[in-house]
Structures are given as C-alpha cells and as structure tokens.
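Hi,

Here is the structure I promised to pass on. Have a look, and my notes are underneath.

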Amino acid sequence: MRWTNLTGDAGGAAPALFGTDSVTRTFDTPEFRGITFHEIRARSIVNRVPGASRMPFEWTVNPYRGCSHACVYCFARKTHSYLDLDTGAGFDSQIVVKVNAPELLRRELAAARWRGEHIAMGTNVDCYQRAEGRYRLMPGIIDALTERANPFSILTKGTLILRDLEQLRRAARVTEVGVSVSVGFLDSALWRTVEPGTPAPERRLAAVRTLTDHGIACGVLMAPVIPFLGDSPQQLRATVRAVAAAGATSVTPLALHLRPGAREWFMAWLAEHHPHLVRRYESMYAGGAYAPKWYQRRITRQVHEYAAEAGIGPYAPGAHRRVPEPPESPTLAPEHTQLTLL
C-alpha cells in the first residue's frame with residue numbers, strides 16, 4: 001500500500017491532498033477491531049461539488065474518508081483509489097480521519113470569500129460512522145456552523161446523531177437545519193449482508209422518532225431500493241408504513257446505482273449471496289451506473305402512492321425549518337445515548 005499521496009513523503013514532494021502530518025492508529029476494542037485509522041490534518045474542509053454532479057447542493061464537509069458501515073453498494077468507494085487505497089475491504093477498514101476538521105471549518109467559514117451557502121454532510125461517507133464515537137468531530141463542526149448561523153444538512157445511517165441532539169436544536173434556532181436518515185428496506189437478512197456495519201433499520205427509525213419528538217424535523221431517504229431483493233410492492237409498502245410510523249416528515253426513494261469502485265464490489269457480493277441475479281443485474285446496469293429510467297419511475301411512483309396512503313410525502317424544497325424551543329423538552333431515553341450498531 002502506497003501512502004505518498006497521503007503524506008507527501010516521497011522525495012520531499014508536496015502532498016496532493018493533505019498536510020504532511022499523519023498518524024496511524026489501531027484500537028483493540030470490539031467495535032474497532034480490524035480497523036486502521038489514519039489521522040491527518042486536512043488542508044481544507046469545505047469542498048465544492050463538481051458541476052456535473054446530480055447532487056442538489058454545492059458545498060460539502062466530510063470529516064472522514066472510508067466508512068466502517070461497509071455498505072457493499074457505497075458509491076464513495078471510488079474515492080479511496082485516489083489515495084492508492086483499496087476500494088473494497090480497504091474502504092471498510094482503512095479510515096482517514098481529518099482530526100482538525102472543526103478548527104479548519106471555523107477558519108474557512110470566517111473567510112471573506114465565504115457567503116454562507118448551505119453545507120451538506122454525510123453525502124459522501126457517513127459522518128456518524130463508528131469512528132465518530134471516538135473522535136467526536138461533529139460536535140465541533142455543528143458548533144462552528146451554529147456560530148455563523150450557516151445552514152446545513154446531515155444525512156446518516158448512524159444512530160450516534162442522537163448524541164448531538166441538543167446541539168442540533170441550538171443550531172436550528174438560528175439557521176436552517178435539515179436531517180435525513182437513510183433506510184432503504186426492513187429485511188433483516190438483507191441488511192446483515194449488504195449493510196453489515198450499520199445500525200439495524202428499526203434502530204434508525206427509532207432515531208427518526210427521537211429526533212422528531214425533540215423538535216427536529218427528520219426525513220427518510222429510502223435508499224437504496226435494491227432491485228429484485230428489496231423492491232417488491234409488499235416490501236416497499238411495509239418500509240413506507242414504518243417510515244410514517246416513525247414520524248418522518250417525508251420519504252424519498254432512490255434506486256440503487258453502481259458507480260465504478262462500488263460496482264465491482266457489489267457484483268462480487270451478489271455472486272456470492274445471490275448468484276441467480278448476476279445476469280439480471282448485468283442486463284439492468286448494462287447502460288451505466290444508474291438503473292433504467294423506467295425502473296426509477298416505477299419505484300418513485302409506487303413509493304409516492306404508499307406515502308400518500310400513509311399520510312406523508314416526498315421531500316420538498318423548503319422543508320427544513322428553524323426549531324422553536326418547546327415548553328418542555330421530552331426526556332431522551334438513556335439507551336439512545338449510545339451508538340448501537342447491530
């Protein structure tokens with residue numbers, strides 16, 4: 001494994017992405033066993049989204065690279081190759097930690113060129129993955145955004161977001177805060193193999209309920225909808241009903257897409273666990289990374305129908321809101337203060 005792109009040690013060349021400081025650590029605890037952390041001091045933290053991206057935002061903050069959630073379909077796997085890291089098991093177990101993220105964000109938000117645009121988090125790798133339980137970067141990041149009343153949003157599969165509930169409430173009093181939790185399906189057998197490092201779907205929905213009970217509007221990104229494994233009408237309806245029961249403000253479906261880096265890893269997983277589906281996937285994704293338009297439209301139509309039945313709708317612009325101080329805050333259950341993965 002080469003680390004010249006990470007540390008800039010080869011021949012004294014300037015580092016391509018980060019500063020020269022890096023420390024590699026392992027922790028002999030069950031939740032971190034088999035994971036290596038590469039602590040670095042990043043040069044920048046607010047990133048502009050490429051113009052060709054389909055993302056509905058322009059700026060992101062990503063305190064981590066690589067993700068122990070180990071979702072076999074994760075589109076961010078390709079980014080590990082930029083550091084000469086493996087996009088398969090290496091993406092799951094070699095985690096880059098930008099330890100100076102909060103202080104760097106404060107500096108960049110204070111710069112004269114910054115105009116207070118919306119910042120999205122959790123859109124590349126999860127900012128509430130297991131590493132966050134040890135490194136605690138998000139509290140400082142949320143505080144930095146709150147101090148500047150800078151609008152932001154968070155997408156996560158991690159129940160650890162509940163640790164920062166009060167900080168999110170403080171932020172929502174001064175700026176727009178959007179929170180979404182990703183739950184693509186309820187099938188426990190599918191979850192254990194395709195998203196092995198994440199909290200169970202029902203734990204994520206419990207987090208949605210806790211957030212909404214405490215005044216933080218929370219939507220659900222129903223992603224990914226996995227063809228032939230999680231897309232039957234019965235599965236879609238059951239998931240939407242569970243999302244509605246959790247108090248989500250919206251549900252938005254997203255069909256599985258397989259970009260380079262993720263495609264190879266997912267197809268290897270498919271060949272091992274569902275070999276009878278390999279040819280069907282090769283046909284469905286023969287045209288590129290995205291499912292055919294007819295399939296995407298069908299899934300969207302079905303989910304919207306079930307959402308209407310359940311009394312919720314898709315995400316709409318402007319759904320983020322400032323949260324007022326309620327007369328009396330509900331008590332956060334003790335079990336919600338811990339990160340539960342399985």
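Below are some notes on helix packing and the nonpolar core.

This is a predicted model, with local features needing pLDDT of at least 70 and side-chain atom pairs counting only at pLDDT 80 or more, while totals for chains, interfaces and linings use all residues. Numbering starts from 1 along each chain as its sequence is written, and side-chain values use heavy atoms, leaving out hydrogens and water.

First, H3 (residues 101-110) and H5 (residues 138-147): their axes (lines fitted to C-alpha atoms over the stretch in contact) come within 8 Å and cross at roughly 15°. So H3 is roughly parallel to H5 (angles under 35 degrees count as that). Contact (heavy atoms within 4.5 Å) involves Ala-101, Pro-102, Leu-105, Arg-106 and Leu-109 of H3, with Gly-140, Ile-141, Asp-143, Ala-144, Leu-145 and Glu-147 on the H5 side.

Next, H9 (residues 233-245) packs on H12 (residues 293-310) at about 45°, axes 9 Å apart. The pair is therefore oblique (neither under 35, over 145, nor 65 to 115 degrees). Residues meeting there include Leu-236 and Val-240 from H9 and Ile-299 and Tyr-306 from H12.

As for the core, the largest nonpolar one has 96 residues; a core here is a set of buried Ala, Val, Leu, Ile, Met, Phe, Trp, Tyr and Cys residues joined through side-chain atoms within 4.5 Å, buried being under 20% relative accessible area with a 1.4 Å probe, protein chains only. Leu-105, Ile-119, Met-121, Phe-266 and Tyr-281 have the most contacts inside it. Beyond its neighbours within four places in sequence, Tyr-281 touches residues including Ile-226, Phe-228, Leu-258, Phe-266 and Leu-270.

Cheers

How values were computed:
Axes are lines fitted to C-alpha atoms, for helices over the stretch in contact, and angles run from 0 to 180 degrees between N-to-C directions. Helices (H or I, at least four residues) and strands (E, at least two) are DSSP runs, numbered from the N terminus. Buried means under 20% relative accessible area, exposed over 50%, partly exposed in between (1.4 Å probe, protein chains only).
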